[in-house]
Amino acid sequence: MPGTLNCPLIDRHIGRKERCGLENNIIEMLHITKEFPGIVANDDITLTIRKGEIHALLGENGAGKSTLMSVLFGLYNPEQGEIRMNGQAVNISNPNDATALGIGMVHQHFKLVECFTVLENIILGVEPAKAGFLRIEEARAKVMSLSEKYGLQIDPDARIEDISVGMQQRTEILKMLYRDNDVLIFDEPTAVLTPQEITELMEIIRSFAAEGKSILFISHKLNEIMAVADRCTVLRKGKCVGTVDVKAVTPEELSRMMVGRDVQLKVEKSKAHPGGVILDVQKLSVPSKTHKGKRSVKDVSFKVHSGEIVCIAGIDGNGQTELISALTGLERASAGSIGLCGNDITRASIRRRSKLGMSHIPEDRHKHGLVLDFSLADNMVLQRYWQPEFERGGFIRRAKIREYSDELIKKYDVRSGEGSDSIVRSMSGGNQQKAIVAREMDREHSLLVAVQPTRGLDVGAIEYIHNCIVRERDGGAAVLLISFELDEVMNLADRILVMHGGEIVGELDPERTNVREVGLYMAGSKRDDSAETEAMA
Amino acid sequence: MNSNDRGVKKLLLGILPSLAAIAIGLIFGFIVMLAAAPANALSGFGTVLTRGFTRMADVLFYATPIIMTGLSVGFAYRMGLFNIGASGQYTMGMFCAMYAAFMLPMPRPINWIVCCLAAIAGGALWGAIPGIFKALLNINEVITSIMFNYIGMYIVDELVRNNAVMYVAVKARTNYIPENVQLPSIGGGGSSLNIGTIIAIVLAVLLFIVLFKTTFGYELRATGFNKFAAKYAGMNSRRNIILTMIIAGALAGLGGALYILSPSSIQGASMTYEPINVIAEEGFNGIAVALLGCSHPIGIVFSAIFVSFIQRGGTAAVAYKPEIIDVMIAFIIYFSAFAMFVRELVLGKRRRKRAGNAKPEGNITADEIDAPMIELDIDKEE
């Protein structure tokens, strides 16, 4: 298995954990394996949580953190492995079982009824009632005493839709406390908070631990884990890399465990020869969709020249998706400007952007990239069906489309059961992606925006697409690549921009940096204040 | 496998669920007939299945308006819009045709053509309004078009009652459409067969061409299958939504004209309108017809003729109320939805199997697995 670490420190700590007495472990998840068709999301993962500890779960996107927590919370049933609580095997087949065992969870996306008050949300499902009548005052007294005890300030009568994200989170926490939960799971709790709110939350979490509650803290932010956690379990690609004592490791070591560094898919490429400016982004801001009044992208400025690959690195959810939506026209920017080959396209339609030479390999191939129920041929001309080549007098020129599609299939080696006639839904993911790549590379363009172009593909296809992208660059196109895979970033980029919290926090030269440094920028524990100005230069 | 074989296979796969649904629906209908009046069940069922053959002209006469409303619903559905407002558009079109017939004296054959054009305009207007609301303000077309059914019907009834030329108060209905404005009859001798049926079938063929041979049809189907991909590809969804609803409305509106202007010898049918504050059932039958015809223009022609066929049989079945046919049609619609579901299940299984075999290629990452949760979030956003 590539990616296994020779880290002596891990063995040491696992050893210590096993010596640890069983009576200390409140939760033991032993050898959990959860498979989905085509993928093992959790592969023989063992995770133990001691009473009164703050245990962090660290891993990249897709490492299996959420799956593991869903197993613990009863949302998924694992194929193998068992869960023990206080040494007793327990069966958690749905969230009600988890609640009955005192396990509570604050989800990344809050599960609150928007038009209910804070108090109503807290008691939802466990309403104190007498003869069918709600005893709201009894509930209010309990909620308010909990609120005071832990310093969780709330307004019990405010409606969820009217209160801040921070207070919504406190409502979620009170929900767990109201149910007397002893094991509290926090799924990426700081993702939506301001720095002050994060500090407060850390204090509150510590006070829970001091009281003997056990905390499971899911995050990919190293500095938070360093600040608050006692131990940390690292997952990578569905496997458990190890459990370490946070005090005994450095952020660099954690980062290395999380990312893993053995697969090196080197792409052959010569030095870039950047030409003129193709894409010019100035002070671009994009409003957040999920949190009103916040911005997902904050005053981002950068340029992409012809003949270079600029890569935006960063952990998923730091504004990359929103940035690309604004660049490609799927969403509107709230401020700033976008220039393409000297034309202002800030408010231009998608069709106009396409005409001006923007190609876009979208992040979600099923949602945006393809009409799955169309034939492969019809998908190959998704942006071009109206061009004179394929249309005459309002009628589609099927023969021409077929001819063109056959040509692309041959050129880009797209495999399918029935060639141009194949319904795209019946094709494999890799070939669907190849079809998109073929379409976007083959149409006339000066800028290629590629978002996670190799997501979910096998090694061969990844290599192929990487080579295509380099060829694009050498042909004089500007390439903007967004990737959550550090490998890909290091391999392909001529310049790396790191995004964190909706901002570009650093610009790096792949020749003069290493994965560890990029990882630190990605995790937000390092930032270049001059990055913005450098990126603009 | 050559493309001809493939075409046949595709066609079979397309119509089999509908045929199966019809068979099962008829069986259930027969069971209901048995329960209602056992002695007459067999002969009654026979009448339902055969009587239509002896009255083909009437079958086509009644099929014409529901071909039109079926095309209206089916066409909009291809775009992903549920046009439940076909009744209102139909009524609006019928009124416009009537108004032109009574109030604008013109020589034949210009007069009936003008009546049809007026109906198209009225229906198109009634389709356009929900379309505009949907396109510009993202207001659900189902809700607006349901409301426009009522608004249209009440407006029409009011206008009819207040028009002394059209309305005969003592009979609580309009005058008969003047003979020289009626649609040209074919077959002659008081036959119910008229040019309306031919117009409807020609329009179905035309719609087929629009849907599958033009760039507009390409955009429309792309949007219906995946509106996100259509947006990504730079298609103008606002324009397309409004245009689709205008066309759907025009089709239903013309359906109203083809019904009211049709000459027939059937007692109590056609050439007159009763303003009795009831929503036209042709609109809802259009939904059933479109569903049974898989929203395919040619399929809709056949399913409309079939529905009309068993309705004719139903009115003739001894010892049963004609509503027995509504029960049968309800069963058929229910099972056609069910059959499509089963077909999806079978196809889905085969697809998954294929995906499983192609495992080395389809190496999905774990975050794709969380799809159900992600979908939930998307739902919330919308």
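# A tour of chains A and B

Select A:Glu172 to begin: with a relative accessible area of 2%, this residue is buried. The model is a predicted one, and the stops below move through chain A before crossing to chain B. A:Glu172 sits in helix α6 of chain A, which covers residues 165-178. Now show what surrounds the residue beyond four places in sequence: A:Glu172 is in contact with A:Val106, A:Phe110, A:Lys111 and A:Leu112. Add A:Met105 to the selection and draw a C-alpha to C-alpha distance to A:Glu172; it comes to 8.4 Å, for a pair 67 residues apart in sequence.

**Chain A as a whole**

Colour chain A by secondary structure, and 19 helices and 24 strands appear. The chain has 537 residues, of which 57% are buried. Taking the contacts in chain A between residues at least 6 apart in sequence, 67% join residues at least 24 apart. Switch on the surface: chain A exposes about 22200 Å², with 48% of that supplied by carbon and sulfur atoms.

**Two positive phi angles in chain A**

Next, select A:Glu188, in the loop between β9 (183-187) and α7 (195-210) of chain A. Its phi is near 45°, a positive value in a residue other than glycine. Is A:Glu188 buried or exposed? At 13% relative accessible area, A:Glu188 counts as buried because the value is under 20%.

Then go to A:Asp413, which has a phi near 55°, again positive in a residue that is not glycine. This residue belongs to the loop between α14 (398-412) and α15 of chain A. A:Asp413 is partly exposed, with 33% relative accessibility.

**Along helix α15**

Follow chain A from that loop into helix α15, residues 429-442, and stop at A:Arg439. A:Arg439 is buried, its relative accessible area being 2%. Show side chains here: that of A:Arg439 makes a polar contact with that of A:Glu440, at 2.9 Å.

Which residues is A:Arg439 in contact with, once neighbours within four places in sequence are left aside? In chain A they are A:Gly369, A:Leu370, A:Asn379, A:Met380, A:Leu382, A:Gln383 and A:Leu408. B:Tyr232, in chain B, is also in contact with A:Arg439. Use B:Tyr232 as the way across to the other chain.

**Chain B as a whole**

The secondary structure of chain B consists of 15 helices and two strands. Chain B has 382 residues, and 50% of them count as buried. For contacts in chain B between residues at least 6 apart in sequence, the share that joins residues at least 24 apart is 78%. With the surface on, chain B has about 17800 Å² of accessible area, and 68% of it belongs to carbon and sulfur atoms.

**The nonpolar cores**

Select B:Met98, B:Ile177 and B:Leu261, the residues with the most contacts inside the largest nonpolar core, which has 91 residues. Highlight helix α3 of chain B (residues 56-78) as well, since 12 of its residues belong to this core and no element gives more. Apart from this core lies another, of 61 residues; to find it, select A:Leu372, A:Tyr385, A:Ile401 and A:Cys468, which are among its members.

Return to B:Leu261 and show its contacts, not counting residues up to four places away in sequence. They include B:Ala97, B:Ala101, B:Trp112, B:Cys115 and B:Cys116. B:Ile177, B:Val181, B:Gln182 and B:Leu183 are also touched by B:Leu261.

**Two loops of chain B**

Centre on B:Pro109, in the loop between α4 (86-103) and α5 (110-137) of chain B. The peptide bond that joins B:Arg108 and B:Pro109 is cis, with omega about 5°.

The next loop to visit runs between α6 (141-161) and β1 (167-168) of chain B and holds B:Asn163. B:Asn163 is buried, with a relative accessible area of 11%. Residues up to four places away in sequence aside, B:Asn163 touches B:Tyr99 and B:Met103.

**Last stop: a surface patch**

Finish with B:Leu12, in helix α1 of chain B, residues 3-36. B:Leu12 is partly exposed, with 46% relative accessible area. Which residues form a nonpolar patch on the surface with B:Leu12? Add B:Val8, B:Leu11, B:Ile15, B:Leu16 and B:Leu19 to complete the patch. Together with B:Leu12, these residues have about 560 Å² of accessible area.

Terms used: Residues are numbered from 1 along each chain as its sequence is written. Chains are lettered from A and ligands numbered from 1 in the order in which they are written. This is a predicted model: local features need pLDDT of at least 70, side-chain atom pairs count only at pLDDT 80 or more; totals for chains, interfaces and linings use all residues. Side-chain values use heavy atoms; hydrogens and water are left out. Helices (H or I, at least four residues) and strands (E, at least two) are DSSP runs, numbered from the N terminus. Buried means under 20% relative accessible area, exposed over 50%, partly exposed in between (1.4 Å probe, protein chains only). A polar contact is a pair of N or O atoms within 3.5 Å; within protein, one must be able to donate a hydrogen and the other to accept it, and residues adjacent in sequence count only if both atoms are side-chain atoms. Contact means heavy atoms within 4.5 Å. A nonpolar core is a set of buried Ala, Val, Leu, Ile, Met, Phe, Trp, Tyr and Cys residues joined through side-chain atoms within 4.5 Å. Patches are made of residues with over 30% relative accessible area and no salt bridge: like charges are joined within 9 Å, nonpolar side chains (Val, Leu, Ile, Met, Phe, Trp, Tyr) within 5 Å. Accessible areas come from the Shrake-Rupley method with a 1.4 Å probe; for residues, only the protein chains shown count as cover. A salt bridge is a side-chain nitrogen of Lys or Arg within 4 Å of a carboxyl oxygen of Asp or Glu.
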